[in-house]
Every structure is written in C-alpha cells, then in structure tokens.
Amino acid sequence: MLEKLEERKEQLEKELQDFIKRRDELNATAREYANKRDELNRKVREMLAATKAVKEKRDELNAKVKEIRAKRNEIFKEVDALYKEVDKLRRSIDKGGRPLGEIEKEIRRLEFKQQTAVLTIEKERALVERIAKLRKELEERKAQLEKHEEFRRLITRIRKLKDQARELLNELKAYAEEADKYHEQLIQMFSEIDKTRKLADEMHEKFIQSKKEADRCHNEAIRRRKDIKDLEKVIKALKSKQVKSKEQREKEELIRKAKEIYEMFKRGEKIETEDLLILQRAGLI
C-alpha cells in the first residue's frame with residue numbers, strides 16, 4: 001500500500017513539473033503575442049495619424065476644385081446672360097435663325113456627352129460631326145453679325161469670359177488630378193491599416209488562447225500540488241503507524257524474553273548480566 005502511494009506521489013510530482021513547465025512556456029508565448037499585438041496597434045495609430053495629413057491635403061484640393069468650379073459656373077452664367085443680349089440684338093439685326101445661346105448650350109451638352117457617355121464608334125463619329133457642324137454654324141453666324149459694333153463688343157466680352165473659363169478648367173483639372181492622387185494614397189494607406197489591424201486582432205486571439213491554456217495548466221499544477229500534500233499526509237500517517245507497530249512487536253518480544261528469564265531465575269538457574277538488563281528493561285526488577 002505504502003509503495004503504491006509513493007509511486008503515485010512520484011507520478012504526481014512529475015505531472016506537477018510538466019504542468020509548471022508547460023504553463024511557463026505558454027505564458028512566455030502569450031507575452032510574445034501580446035508584444036506583437038501592441039506593436040501592431042502602435043503602428044496602426046501611427047498610420048492613422050499619417051492619414052490625417054493626407055486627408056487634409058486631399059480635402060484642401062477638393063475645396064479648391066469646388067471653388068474654381070463655382071467661379072467657372074458664374075462665368076457661364078454671365079456668358080448665358082450676354083448671349084441673351086446677343087440674341088436680342090440679333091433679332092433686331094438678323095430676322096431669322098436659331099438663337100446663338102441655344103447653339104452654344106447644345107455644343108456644351110454634346111461635348112459633355114462625348115466625354116462621359118460610352119458610345120459606339122459610329123455614334124461617336126456622328127456626335128463629333130454634329131459638334132463640328134454646330135461650331136461652324138455658330139462661327140458663321142457670329143462672323144455675319146460681328147459687322148455690328150454692339151454685337152462685336154458683346155462677342156468680344158463673351159470670348160474673354162470663355163478664355164477665362166478655359167483657364168479655370170485647366171486649373172480645375174490640375175487640382176482634381178492632384179486630389180485624386182492623394183485620394184488613391186489614402187485608399188492604399190487605409191488598406192494597409194486594415195491589414196495591420198487584422199494581424200493585430202489575430203495576435204490578440206492567439207494571446208487569449210495561449211493565456212487560457214496557461215491558466216488551465218496553472219490550475220492543473222495547483223491541483224497536483226494539493227494532491228501531493230494530501231498524499232504526503234497519508235504516507236506520513238502510514239509510516240508513523242508502521243513505526244508504532246514495530247515498537248509494539250519489539251516490546252512484546254522483550255516481555256516474552258523477560259518472562260522466560262524470570263522463570264529461569266525462579267528455578268534457580270544461572271542468569272547472565274545481559275539477562276538482568278532485559279529484566280530491568282521489561283520492568284520486572
């Protein structure tokens with residue numbers, strides 16, 4: 001019984017050391033995952049801070065685009081108003097024909113369609129021909145009417161405004177292209193941020209799993225340590241009992257020998273000094 005308990009105690013001690021070793025390894029691994037997670041989260045914060053400057057620059061450029069577009073629209077409003085004056089003057093000079101403002105608006109509408117719509121080759125060719133025809137009509141009508149002084153003044157003003165509009169358009173395109181570059185940069189930065197944040201989340205999940213397993217091993221080690229202490233108490237009690245049993249047997253043997261010697265003494269037989277010591281130890285003399 002005692003031997004089996006001793007073997008069980010040795011087994012528990014081995015399991016205890018195994019769980020302690022495994023727990024420490026898992027805690028070390030958990031710390032590594034936590035450090036990687038924290039480093040990745042720090043990187044995410046730095047990247048987010050960097051996007052702020054890029055976003056501000058993009059928004060600044062988009063605001064400039066909006067401002068230029070508003071100026072350009074104001075110019076076109078003035079151009080349309082001047083065309084109304086031109087048409088009014090034209091009606092007094094030229095009794096027939098389509099208003100020049102309508103021709104100009106149709107040209108702009110068709111040009112916008114050409115730039116934005118998806119067209120077949122045949123339809124795009126027809127559209128280009130239509131725009132060229134309208135431009136030719138517009139210029140011919142202008143050339144005929146420019147012989148009138150007031151008409152020339154209005155047309156000159158319109159041309160200057162349209163030149164300004166073209167300059168603004170070039171500025172608008174330049175700012176818009178630059179804003180698009182910053183926007184693309186932002187998209188790439190946020191994509192990288194998402195990847196880094198996802199990796200940080202993976203590290204956090206691995207940290208949780210390692211810590212959970214380390215805690216389990218720690219609890220198992222505590223359980224083994226308690227079982228060992230309980231076994232040690234049982235083993236100690238058994239050993240103490242065995243010692244007492246041995247002492248009892250030795251005492252019984254001493255009394256038996258003492259009685260034999262005492263009987264020899266009563267019969268007048270010779271006894272040795274050692275025999276007297278046994279009698280003394282047994283409490284018979």
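How many aromatic pairs does a search of the whole structure find? I looked this up in what is a predicted model, and the search returned zero.

**Entry: charge over a ring.** I next looked at arginine 37. Its charged end sits over the ring of phenylalanine 207, at 5.0 Å from the ring centre.

**Entry: nonpolar cores.** I looked up the largest nonpolar core and found that it has 25 residues. Val86, Leu100 and Ile158 are those with the most contacts inside this core. Four elements give two or more residues to it: α1 (2-93), α2 (100-116), α3 (121-145) and α4 (149-266). The largest share, nine residues, comes from α1. I also noted a second, separate core of 13 residues, with Leu2, Leu26, Ala221 and Ile228 among them.

**Entry: helix α2.** I compared the span of α2 with its expected value. At 1.5 Å a residue, its 17 residues should span 24 Å, and the end C-alpha atoms are 25 Å apart, which agrees. Which residues of α2 are buried? I list Leu100, Gly101, Ile103, Glu104, Glu106, Ile107 and Leu110. Leu100 also appears in the largest nonpolar core, as one of the residues with the most contacts there.

**Entry: salt bridge in α2.** I then took up glutamate 106 again. Its side chain meets that of arginine 109 in a salt bridge, at 3.9 Å from N to O. Both residues lie in helix α2, three residues apart, about one turn of the helix. Is glutamate 106 buried or exposed? I record it as buried, because its relative accessibility is 12% and the cut-off for buried is under 20%. Arginine 109, at 48%, counts as partly exposed.

**Entry: salt bridge in α1.** I found glutamate 67 in a salt bridge with lysine 71, the closest N and O atoms being 3.5 Å apart. The two are four residues apart in helix α1 and are therefore separated by about one helical turn. Glutamate 67 is partly exposed at 38% relative accessibility, and lysine 71 is partly exposed at 44%.

**Entry: salt bridge in α4.** I looked up lysine 211 and aspartate 215, whose side chains meet in a salt bridge at 3.1 Å, N to O. They are four residues apart in helix α4, so about one helical turn separates them. Lysine 211 is partly exposed at 31%, as is aspartate 215 at 36%. Salt bridges that share partners also join Glu15, Glu220, Arg223 and Arg224 into one network.

**Entry: count.** I closed with the salt-bridge count, which comes to 29.

How values were computed:
Residues are numbered from 1 along each chain as its sequence is written. This is a predicted model: local features need pLDDT of at least 70, side-chain atom pairs count only at pLDDT 80 or more; totals for chains, interfaces and linings use all residues. Side-chain values use heavy atoms; hydrogens and water are left out. Rings of Phe, Tyr and Trp (its six-membered ring) pair if their centres lie within 6.5 Å; planes under 30 degrees apart count as stacked, over 60 as edge-to-face and the rest as tilted. A charge sits over a ring if NZ of Lys or CZ of Arg is within 6 Å of the ring centre and within 35 degrees of the ring normal. A nonpolar core is a set of buried Ala, Val, Leu, Ile, Met, Phe, Trp, Tyr and Cys residues joined through side-chain atoms within 4.5 Å. Buried means under 20% relative accessible area, exposed over 50%, partly exposed in between (1.4 Å probe, protein chains only). The expected span of a helix is 1.5 Å times one less than its number of residues. A salt bridge is a side-chain nitrogen of Lys or Arg within 4 Å of a carboxyl oxygen of Asp or Glu.
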